[in-house]
Amino acid sequence: MSFTSKLPASWNDQPPARKVEIDLSSPGLAVVELERLLFTGKAIISHADEVWPRLFIGDQQSAENKADLTKHRISHILNAAHSKHRGEPSIYQSMRITYMGIEARDACDFDMSVNFRAAADFIHMALSRGGKVLVHCHVGVSRSATLVLAYLMLRQSLTLVEAICAVKENRGVIPNRGFLRQLIQLDRELFGKHP
């Protein structure tokens with residue numbers, strides 16, 4: 001599996017990333033290799049970062065900062081750490097922000113894959129209408145990153161390695177091992193290059 005940048009040239013003036021090859025045919029080994037690749041990414045220095053044109057990954061604080069949401073013109077929020085007890089945050093009602101909440105635990109045994117398509121559809125709908133999307137969870141490194149990676153695979157036709165390379169240059173992320181295994185399975189379903 002190799003990576004060539006699929007980002008629009010005008011959006012990211014960085015030189016193309018080095019060639020990355022990871023064999024995803026053995027999930028156990030692939031998880032370790034993907035973690036190694038993820039650790040080479042940018043460190044987290046802000047609450048939210050634009051990882052794809054008009055698509056941000058952030059933490060809980062970024063989702064509650066009305067000034068930053070307004071400054072970045074966020075039109076859609078996908079909360080990967082939604083809680084039934086709190087419901088849709090009332091702060092968005094006066095801001096004309098479209099909200100989607102997904103109840104997800106950051107645990108290796110949690111099946112995040114059941115949310116991949118709905119999250120990708122929400123993000124794609126927002127971006128295709130010129131919106132800006134913040135995908136967040138508590139820290140902004142595992143649940144939110146997993147949903148953004150799935151979106152890039154499902155709607156931008158990036159392989160898992162390509163999606164990781166695109167995101168990690170702009171934000172340090174590290175989905176838990178269970179989520180990485182689910183993303184490897186999605187890669188197999190979409191690209192069928194592995195046994």
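**Exercise 1. How many bridges join S3 to S4, and in which sense do the two strands run?**

Before solving, note that this is a predicted model, in which local features need pLDDT of at least 70, side-chain atom pairs count only at pLDDT 80 or more, and totals for chains, interfaces and linings use all residues. Residues are numbered from 1 along each chain as its sequence is written, and side-chain values use heavy atoms, with hydrogens and water left out.

*Solution.* Begin with the terms: strands (E, at least two residues) and helices (H or I, at least four) are DSSP runs, numbered from the N terminus. Two strands pair if DSSP finds at least two bridges between them. S3 and S4 are joined by four bridges and run parallel. On this side, Asn79 stands opposite Gly101 in S4.

**Exercise 2. Place S3 and its neighbours in the sheet.**

*Solution.* Take the strand order: the open, mixed sheet has five strands, arranged S1-S2-S5-S3-S4. Strands S1 (48-52) and S4 (98-101) are at the edges with a single partner strand each, so one side of each lacks a neighbour in the sheet. From one strand to the next, the twist averages 20°.

Now turn to S5: strand S3 (residues 76-79) pairs with strand S5 (residues 133-136) in the parallel sense, over four bridges. Here Ile77 stands opposite Leu134, and Asn79 has His136 as its bridge partner.

Finally, follow the side chains of S3. His76 and Leu78 point one way, Ile77 and Asn79 the other, and all are buried (under 20% relative accessible area; exposed is over 50%, partly exposed in between, with a 1.4 Å probe and protein chains only).

**Exercise 3. Compare the expected and actual span of helix H7 and describe its ends.**

*Solution.* The expected span is 1.5 Å times one less than the number of residues. For the 15 residues of H7 (residues 177-191) this gives 21 Å, which agrees with the 21 Å between its end C-alpha atoms.

At the N-terminal end, Asn176 is the cap: one of its side-chain oxygens lies 2.9 Å from the backbone nitrogen of Gly178. After H7 comes Gly192, with a positive phi near 50°. Buried residues of H7 include Phe179, Leu183 and Leu186.

**Exercise 4. Is Lys168 buried or exposed?**

*Solution.* Locate Lys168 in helix H6 (residues 160-168). Its relative accessibility is 5%, so Lys168 counts as buried. Next, list its contacts (heavy atoms within 4.5 Å): beyond neighbours within four places in sequence, Lys168 touches Leu37, Leu38, Thr40, Gly41 and Lys42.

Note on methods
Axes fitted to C-alpha atoms, helices over the stretch in contact; angles between N-to-C directions. Polar contact = N/O pair within 3.5 Å; in protein donor to acceptor, adjacent residues only side chain to side chain.
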